Amino acid sequence: RDPQNADLRRLLCLNDFHPFVVANAPQRDGEINISVFLAGLTHSFRHDLRDYCSAYLGTSSARKAFGGRDEQLNDLVKWLRCSGAKSSCIVLGPAGIGKSTLVLQAILAFRDSIAVAFVPISIRFGTNSEAAFYAILAGRLIDICGLDLPLLEGDKYQPNREQCLELLERIANEGPDIVIVVDGLDEAVGWELDSRIFHPREHVRFLVAARPEMGVSGPATSW
């Protein structure tokens with residue numbers, strides 16, 4: 001939370017619920033390729049994220065229906081493709097309104113034009129610990145940078161956190177352009193993200209989804 005950097009952030013609020021998103025929306029054609037979410041991760045986290053994506057997107061043979069959010073989806077894709085856009089975007093809305101599905105659909109739409117580090121913080125899928133967050137983020141950043149670096153598993157998060165910060169500085173200086181997608185920030189129970197992760201940097205954007213309970217209701221300056 002940094003009011004001084006509020007002008008760098010864009011707030012996308014989902015206040016309306018579309019019941020036909022699941023019930024009656026048409027299926028979208030094409031294969032679901034979630035390799036962009038998994039490269040660089042350890043086996044256990046690859047399994048967790050594969051289950052996460054399947055729960056919200058379905059599979060290539062049985063895709064989950066998605067509709068009613070084309071306007072918001074287009075907004076996210078335009079934000080990612082605009083070189084002069086704000087560096088961070090917050091998708092804000094109550095539980096069950098479709099934030100996770102929207103964010104995943106957006107990643108599928110722009111994954112070919114920018115590197116993606118997808119880090120879901122989920123109690124349901126067991127990725128809501130501090131150790132899990134930094135291990136997933138570090139794994140994706142290592143892969144994006146094309147490096148061969150050790151990734152620490154277990155409950156100790158500090159080495160992976162420091163590695164994340166070093167890699168983000170490397171990307172800021174050398175590229176490539178990336179977007180870090182954090183879904184479920186409000187589920188980080190009992191710990192807080194290191195604010196240095198969200199420090200504005202060249203080549204780095206952030207897409208964050210959260211419930212209003214985390215205190216980001218109202219103007220963007222409150223986050």
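Along the sequence of this predicted model, the order of elements reads β-α-α-α-α-β-α-β-α-α-β-β. In total, the secondary structure amounts to 7 helices and 5 strands. Contacts that reach across the chain feature strongly in the fold: of those with a separation of 6 or more, 78% link residues 24 or more positions apart.

The division between interior and surface can be described next. Of the 223 residues in the protein, 52% are buried. The accessible surface comes to about 10,600 Å², and carbon and sulfur atoms contribute 48% of that area.

Strand β4 offers a good place to look more closely. The strand is mostly covered, with 6 of its 6 residues buried. In a regular strand, side chains alternate between the two faces of the sheet. In β4, Ile-178, Ile-180 and Val-182 point one way, whereas Val-179, Val-181 and Asp-183 point the other way. Both sets are buried, so neither direction from β4 leads to a residue with 20% relative accessible area or more.

Strand β4 also has partners on record in the pairing analysis. Strand β3, which spans residues 115-120, runs parallel to β4 and is joined to it by 6 bridges. Within this pairing, Ala-115 stands opposite Ile-178 of β4. Strands β4 and β5 are likewise parallel and are joined by 6 bridges. Here Val-179 of β4 stands opposite Arg-205 in β5. Taken together, the two pairings connect β4 to β3 and to β5.

The chain between these last two strands is worth a visit as well. Asp-194 lies in the loop between β4 (178-183) and β5 (204-210). Despite carrying a loop position, Asp-194 has a relative accessibility of 15% and therefore counts as buried, the limit being under 20%. Leaving aside residues up to four places away in sequence, Asp-194 touches Tyr-134 and Arg-161.

Finally, the cysteines deserve a word. Cys-53 has a relative accessibility of 1%, so this residue counts as buried. Cys-145 has a relative accessible area of 16% and is therefore buried too, again by the under 20% limit. As for disulfides, a search of the whole structure finds 0.

Key
Residues are numbered from 1 along each chain as its sequence is written. This is a predicted model: local features need pLDDT of at least 70, side-chain atom pairs count only at pLDDT 80 or more; totals for chains, interfaces and linings use all residues. Side-chain values use heavy atoms; hydrogens and water are left out. A disulfide is a pair of cysteine sulfur atoms within 2.5 Å. Buried means under 20% relative accessible area, exposed over 50%, partly exposed in between (1.4 Å probe, protein chains only). Helices (H or I, at least four residues) and strands (E, at least two) are DSSP runs, numbered from the N terminus. Contact means heavy atoms within 4.5 Å. Accessible areas come from the Shrake-Rupley method with a 1.4 Å probe; for residues, only the protein chains shown count as cover. Two strands pair if DSSP finds at least two bridges between them.
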